[in-house]
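Biologist: Please show me the model. I have some questions about helices and rings.

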Amino acid sequence: GYQVHPRLAELGGSSVPALYHPATDTFKAGSTPCVEFVDKHFGGGGKTSSSSSSSSSSLVPRTIKEKLVAQNCEDMLHALFTLPFHAMLLHQDPADQERDKQELLSSIEEMLEDYKGPYYLGEQFSVADIAMAPFFDHMIALEHYRDFHVPNEGPTAPWHEWKRNVLERPSVAATRQDPQRIIESYKRYAKCLVRNRIYDAVFNKKS
């Protein structure tokens, strides 16, 4: 099963990524809280004052509208990743897998309605792109185990431009996982051999 790193457990966390900042005795868990903390305290070339960071260098949207759009992207990402991403892997019946594929494509199309290009909010690389980066890579599991591919044409065409722009960014490229490791990490899901909160969510069971 999953094991929580002792230091993470000591700080009261159970998920990654996680961040602990000794100078302020601050603990953050989850992609967005970590990014927002780093952006606030070290954004704009490592300056410690958030007011000294320019909006162009900030990873966190500045306007209310952009924040809402980015939050919507992150909310949809979480919905995508639990259901139907994992559902497509866990379900063994081809009919169920086909339903999951259509649901995933519909969610991607809905998410892309707010895509501006070259990044989600436009020219600004933001927390929305950072949250999506691992998902772009993990899609290889669906390609490998379920022969699922996002169409290059039609409503999902911008997906590929967005994916390329995010993954080719040097700061993202330096942290990408080995594709084979990703595939191997989902092997038990593809055979429906896991019993965890994701399994419970997919099969509507209480944890």
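Modeller: Short questions and answers follow.

Modeller: This is a predicted model: local features need pLDDT of at least 70, side-chain atom pairs count only at pLDDT 80 or more, and totals for chains, interfaces and linings use all residues. Residues are numbered from 1 along each chain as its sequence is written, and side-chain values use heavy atoms, without hydrogens or water.

Biologist: How far apart are the end C-alpha atoms of helix H5?

Modeller: Helices are DSSP runs of H or I, at least four residues, numbered from the N terminus. The expected span is 1.5 Å times one less than the number of residues. For the 20 residues of H5 (residues 127–146) that gives 28 Å, which agrees with the end-to-end value of 29 Å.

Biologist: On which residue is the kink in H5 centred?

Modeller: The bend is the angle between axes fitted to the seven residues ending at a residue and the seven starting there. In H5 the kink is about 30°, centred on Asp137.

Biologist: Is Phe135 buried or exposed?

Modeller: Buried means under 20% relative accessible area, exposed over 50%, partly exposed in between (1.4 Å probe, protein chains only). Phe135 has 1% relative accessibility, so Phe135 is buried.

Biologist: Which side chain joins Asp39 in a polar contact?

Modeller: Asp39 lies in helix H2 (residues 31–46). A polar contact is a pair of N or O atoms within 3.5 Å; within protein, one must be able to donate a hydrogen and the other to accept it, and residues adjacent in sequence count only if both atoms are side-chain atoms. At 2.8 Å, the partner of Asp39 is Ser58.

Terms used:
Helix = DSSP H or I, 4+ residues; strand = E, 2+ residues; numbered from the N terminus.
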